[in-house]
Amino acid sequence: MVAALQQRGTHRAVLHMEDNYDFAVGLFACLHAGVYTIIPGNLCKNIHRQLQGEDVVFVHELTPGTEPAPLEPAQPGRVVVEFFTSGSTGAPKRIIRTFANLEAELQMLEGVLPDYTEVQEVFSTVRFYHAYGIIFGLLLPLSHCILTDTDAFNGLEPWVSRVENLSTPGALIWLVTTPAFLNVWAANSGLVSFLHRPVRLVSAGAPLSPAVAASISATTSGRLLEIFGSSETGVAAYRYPLETQLWQPFQGVRLELAPGQGMRISSPAVPAGTKAHLGDSAEISEDGRFCLLPRVDRIVKLADKRVSLSEVEQCLTSSPLVEQACALVLPVQNVNRLAVAVVPAAEGTDLLQKYGYAAYKKELRRVLAHQVEPGLLPRKWRVVGELPRNAQGKVQHSAVRSLFAQRLQLPVMRPLTKSAQELVFRLLFVRDSFYLTGHFPGYPLVPGVVILQSLNTLIERYWGLRVVGIVRLKFSAETLPGHEQTVRLTRKEGEVAVDIRSETGVKVCQGRLRVEQGESAPQYAL
């Protein structure tokens, strides 16, 4: 691969491979070839088109040379790596760092991972094209001559199966993951028990709730380590959440408050001369440890009053009616108003099924009345089965905003299984949904177009595919208000097989849809 890069004479290489092993080979080839390395989060048509240029080569399109090139000593300080942020609030932002900055991160981590030399297996739910995935899932294990399990996996069951089938039952293993994965683990803690096996967990992307941390700890015999930082700054601080809620900066990291900008960071993992900010506010104690406060960019002004969007979300999720919430500001008749997307908890789902949206939203407003003044209560709500998140578990605020732009109301679509080959979702058709108005008076039915649009939305959100036709689709049972259904979508070459069944297992719809690759990447992570 090094020889192929050198023969092309390129100075810029785009590295994106679905196979983690191939990615690792490509990354080190770029390092030894001394090329500027661009690592996009995906290579959908739009991104591929944007990155094309005369001096750019796509590593996955290269044919390896027949003769290996002599490997000269790498010069980490001269080789630049270009990452992209998650783009949660808009278009992804380019982040430029050097391999030397990545090496500095590894050295900082060595001081807080005393038992890492005993690790024999490393698993990662985070793909290597994220900075966090590269550091913890690839470079850190390799610095101790440990190979990460390179097969990507999604979901709790594949992870449990991998661990149980290890050839070395007593081996100490590490899992590099995100709060999104651990939230699923906590919700299904009865299915997982690693008390008999030494497991260490490292999580980054967002702070874990104390309840989730406690639930995870009860199923393992190991410690749970949380990392605080960003793609721009690298690792900044860490904590063991069951022992303390305070964050401890890494050795060599200096944090200070910058008025109106959150925390300013000085670190060997940040390019020299760069003014880096973390965007989070904090209370910093004299010994340097700190307690996180709401992000600076999440405090907004509505009707000349300050409102913390984070506190709105926390107020809602403290209720048994809400599992997840995302608050934002939207213009309503040229006036900025509060809008909230929520994922209902079990009690909220029961209320929805029995009484509908109006009753559920009334209860949510009652909950928020303790936090928000009456005139500032949300004017718009979206009740969804899942908030859009990226592979690092961060909520995609731009995708949440697009939920409020949709005109066609959809059922509440709750994920059961998500993978590159299969999607299984639970759909709840709420009894006072807009699409029931005017359809079949006296005997309301859910229109077939709503079900079809739901399938199209799932296929686009999670696979980045576009439905271009119906091969065959047969409805064999009616769907009534308040009903729940299980939708199973199976991906095949150029097609998606559809199987929809009622709560009692009755066949509702079967068939196949013709699909093609869409222009944009999926907005929801598998």
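**Cores, a crossing and a buried serine**

Guide: Let's start inside this predicted model. Its largest nonpolar core has 70 residues, and F23, L27, I39, F136, I227 and F250 are the ones with the most contacts inside it. Helix α5 (residues 131–143) gives the largest share of this core, eight residues.

Visitor: Which residues does I227 touch, leaving aside its neighbours within four places in sequence?

Guide: I227 is in contact with F136, V202, S203, A204, V235, A237, Y238, W247 and F250. There's also a second, separate core of 39 residues, which includes V343, L387, F425 and L489.

Visitor: Why is S203 called buried?

Guide: Buried means under 20% relative accessible area. S203 comes in at 1%, so it counts as buried. You'll find S203 in strand β8 (residues 199–204). Not counting residues up to four places away in sequence, S203 touches Y132, T177, T178, P179, L182, L208, L225, E226 and I227.

Visitor: Now the helices. What makes α9 oblique to α11?

Guide: The axes of α9 (residues 309–317) and α11 (residues 357–368) cross at roughly 120 degrees and come within 9 Å. Roughly perpendicular covers 65 to 115 degrees, and roughly antiparallel needs over 145. The angle fits neither, so α9 is oblique to α11. Their crossing is right-handed.

Visitor: Which residues make the contact?

Guide: On α9 they are V312, C315 and L316, and on α11 they are L364, V367 and L368.

Visitor: How do the residues of that contact divide into nonpolar, polar and charged?

Guide: Six are nonpolar, with no polar and no charged residues in the contact of α9 with α11. Val, Leu and Cys count as nonpolar, which is why these residues land in that group.

Terms used
Residues numbered from 1 in each chain as written. Predicted model: local features only at pLDDT ≥ 70, side-chain atom pairs only at ≥ 80, totals over all residues. Heavy atoms only, no water. Core = buried A, V, L, I, M, F, W, Y, C linked by side-chain atoms within 4.5 Å. Buried < 20%, exposed > 50% of the residue type's maximum accessible area, 1.4 Å probe, protein only. Helix = DSSP H or I, 4+ residues; strand = E, 2+ residues; numbered from the N terminus. Contact = heavy atoms within 4.5 Å. Axes fitted to C-alpha atoms, helices over the stretch in contact; angles between N-to-C directions. Parallel < 35°, antiparallel > 145°, perpendicular 65-115°, else oblique. Left-handed = near helix turned anticlockwise from the far one by under 90°.
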